[in-house]
Amino acid sequence: PVLLFIALAYYVIAVTVKIRKRFEPTFKPEYFREISISGLSPSEVIDLMGYYTPVYSYDERFTSTLMDLSLKGLLTLSKDENLRRNNLVVKLNRNAISEAQMNNNIKEHELTLLNFLYEIADEEDVLTSKSIKKYTEKHSTKVYEMFNKFSKESLELIRRRGYIDESLKKY
């Protein structure tokens with residue numbers, strides 16, 4: 001009976017490992033950066049990464065797009081030195097944003113996010129992580145709608161590029 005139990009346990013473990021290996025992708029990218037040569041925005045890359053693991057949270061899209069917009073020079077990110085706590089300061093660069101719009105160097109979903117940030121920013125185009133948090137607490141429905149629009153516009157861009165097989169509804 002003990003030997004039979006050990007054999008049965010071994011069989012169950014072997015079958016479980018075999019099933020798990022079958023459902024694991026052969027290549028699972030570790031970083032979103034691996035696709036950066038293609039000109040995709042971070043949000044578009046997150047949509048493509050959804051093929052491997054579903055992405056439901058908006059925070060990855062928001063923070064990665066903020067950092068990308070900072071790299072493009074459309075806004076600057078800095079730490080508020082006047083406060084004891086960590087408080088991110090975002091300064092929008094109106095001139096660079098206008099120039100990017102004229103040259104078509106800004107994507108629809110990025111513009112949606114920038115318009116959202118303009119709505120929160122003060123008259124000097126500056127906002128902080130605390131002001132974003134306060135705004136989202138007061139206007140949660142509006143923020144949710146903006147993020148849905150942001151996500152749909154991002155997904156539409158990769159659809160237009162042909163990354164989604166419409167016949168199979170897969171990436």
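Leucine 8 sits in helix H1, which covers residues 2–23. In this predicted model, leucine 8 is exposed because its relative accessible area comes to 53%, and the cut-off for exposed is over 50%. Leu8 is also part of a nonpolar patch on the surface, put together with Tyr11, Val12 and Val15. The patch comes to about 380 Å².

Stepping back to the whole chain, there are seven helices and three strands. Going along the sequence, the order reads α-α-α-β-β-α-α-β-α-α. So much for the layout; next come burial and surface. The chain has 171 residues, and 32% of them count as buried. Its accessible surface is about 12,400 Å², with 56% of that belonging to carbon and sulfur atoms. As for contacts, take those in the chain with a separation of 6 or more: 58% of them come from residues 24 or more positions apart.

Now for the aromatic side chains. A pair of aromatic rings is described by two things, the distance of the centres and the angle of the planes. The structure holds four such aromatic pairs. One of them is made by phenylalanine 62 and phenylalanine 147, whose rings meet edge-to-face, at 5.7 Å centre to centre and with 75 degrees between the planes. Phenylalanine 62 belongs to helix H3 (residues 59–71) and phenylalanine 147 to helix H7 (residues 140–160), so this pair ties together parts of the chain that are 85 residues apart in sequence. As for solvent, phenylalanine 62 and phenylalanine 147 are both buried.

Phenylalanine 147 has another ring partner, phenylalanine 150. This pair is edge-to-face as well, with 6.4 Å centre to centre and 90 degrees between the planes. Here both residues come from helix H7, where they are three residues apart, or about one turn of the helix. Phenylalanine 150 is buried, just as phenylalanine 147 is. Phenylalanine 147 thus pairs with a ring from helix H3 and with a ring from its own helix, H7.

The ring pairs also join up into a cluster, made of Phe62, Phe116, Tyr135, Phe147 and Phe150. Among its members, Phe62 and Phe147 are buried, and so is Phe150. Leu8, back in helix H1, is instead exposed.

Definitions and conventions. Residues numbered from 1 in each chain as written. Predicted model: local features only at pLDDT ≥ 70, side-chain atom pairs only at ≥ 80, totals over all residues. Heavy atoms only, no water. Helix = DSSP H or I, 4+ residues; strand = E, 2+ residues; numbered from the N terminus. Buried < 20%, exposed > 50% of the residue type's maximum accessible area, 1.4 Å probe, protein only. Contact = heavy atoms within 4.5 Å. Areas by Shrake-Rupley, 256 points an atom, 1.4 Å probe, with all protein chains shown as cover. Phe/Tyr/Trp six-rings, centres within 6.5 Å; stacked < 30°, edge-to-face > 60°. Patch = residues over 30% accessible without salt bridge, like charges linked within 9 Å, V, L, I, M, F, W, Y side chains within 5 Å. Salt bridge = Lys/Arg side-chain N within 4 Å of Asp/Glu carboxyl O.
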